[in-house]
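Ready for some practice in reading a protein model? Work through each exercise by yourself, then compare your steps with the solution.

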Amino acid sequence: MLTQIVYTSRPRFDPTGTSGRKTLDTILAAARRHNAESGVTGFLMVAPERLAQILEGDAVSVGQTLTRILADPRHEAVQLLDMRLVPERTFSGWSMGVTESAGDPGARPGGVNALTAEDFVRLAAAAANKASN
Ligand SMILES: Cc1cc2nc3c(=O)[nH]c(=O)nc-3n(C[C@H](O)[C@H](O)[C@H](O)COP(=O)(O)O)c2cc1C
């Protein structure tokens, strides 16, 4: 079994601005390098007010990755939504995918805060599927 976690956080950069995009690119480059080495896969959903990320891999690698992410000053208010065992990867082949248009979750009743871990996995899986087609 593999460990899959879902967390949300608040970016301390503006992903829609020029300097924020550079920050995001730097984060993704480091994420892909480390994840490829440690066998971690996943997806990052980016919105101006909120990030959501899914990480999957063996428990130790996911835990070490999360430990680094928790200490990263480029975001704050990290909330772990779910941690579970899964029989297989949902994001196989994605050392770290990214989407800025996983629907418009803010438009839902209750807003983005009403989304569950399952919602994020579903939205990211749809984005991954679309990107690989
Ligand atoms: C929103 C967010 C997502 C991140 N995702 C990952 C990730 O999936 N894997 C990873 O190794 N680092 C990730 N990082 C970066 C780590 O916090 C840390 O900066 C990096 O692993 C350190 O790598 P370096 O010392 O080689 O620069 C993320 C950071 C942020 C802010």
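## Exercise 1: Strands side by side

β1 and β3 run antiparallel and are joined by seven bridges. Before you start, note that this is a predicted model, in which local features need pLDDT of at least 70 and side-chain atom pairs count only at pLDDT 80 or more, while totals for chains, interfaces and linings use all residues. Residues are numbered from 1 along each chain as its sequence is written.

**Task.** Find the bridge partner of V6 in β3, then work out which strands pair with β2.

**Solution.**

Step 1. Two terms come first. Helices (H or I, at least four residues) and strands (E, at least two) are DSSP runs, numbered from the N terminus. Two strands pair if DSSP finds at least two bridges between them.

Step 2. Look across from V6 in β3, and you meet I54.

Step 3. Now take β2, which runs antiparallel to β3 and is joined to it by six bridges. A hairpin of four residues makes the connection between β2 and β3. Along this pair, G42 stands opposite L55, and V46 stands opposite L51.

Step 4. β2 also has a parallel partner, strand β5 (residues 97-99), with three bridges between them. Here F43 has G97 as its bridge partner.

## Exercise 2: Buried or exposed?

**Task.** Decide how many residues of β2 are buried, and how many of β3.

**Solution.**

Step 1. Use the cut-offs: a residue is buried if 20 or more other C-beta atoms lie within 10 Å of its own, exposed if 12 or fewer, and partly exposed in between, with C-beta atoms placed from the backbone.

Step 2. In β2, six of the six residues are buried, so this strand is largely enclosed by the rest of the structure. In a regular strand the side chains alternate between the two faces of the sheet. One side of β2 carries T41, F43 and M45, the other G42, L44 and V46, and all of them are buried.

Step 3. In β3, seven of the seven residues are buried, so β3 too is largely enclosed by the rest of the structure. L51, Q53, L55 and G57 cover one side, and A52, I54 and E56 the other.

Step 4. Compare two single residues. G57, in strand β3, is buried, with 21 other C-beta atoms within 10 Å. A77, in strand β4 (residues 75-86), is exposed, with 11 other C-beta atoms within 10 Å. A77 also has a positive phi of about 55 degrees, although it is not a glycine.

## Exercise 3: Contacts and the core

**Task.** List what G57 touches beyond its sequence neighbours, then find which element gives the most to the largest nonpolar core.

**Solution.**

Step 1. Two residues are in contact if their C-beta atoms, placed from the backbone, lie within 7 Å. Leaving aside neighbours within four places in sequence, G57 is in contact with L2, T3, S38, G39, V40, T41 and V62.

Step 2. Do the same for L44: not counting residues up to four places away, L44 touches L51, Q53, M96 and V98.

Step 3. A nonpolar core is a set of buried Ala, Val, Leu, Ile, Met, Phe, Trp, Tyr and Cys residues joined through C-beta atoms within 7 Å. The largest one has 26 residues, and V6, F43, L44, M45, I54, F120 and A124 touch the most other members. Two or more residues come from each of β1 (2-11), α1, β2, β3 and α3 (117-132). The answer is α3, which gives the most, with five residues.

## Exercise 4: The whole protein

**Task.** Count the helices and strands, and put them in order from the N terminus.

**Solution.**

Step 1. The protein has three helices and five strands.

Step 2. Reading from the N terminus, the order is β-α-β-β-α-β-β-α.

Step 3. For overall dimensions, the C-alpha trace spans about 35 × 30 × 30 Å along its principal axes.

Step 4. Finish with burial: of the 133 residues of the protein, 30% count as buried.
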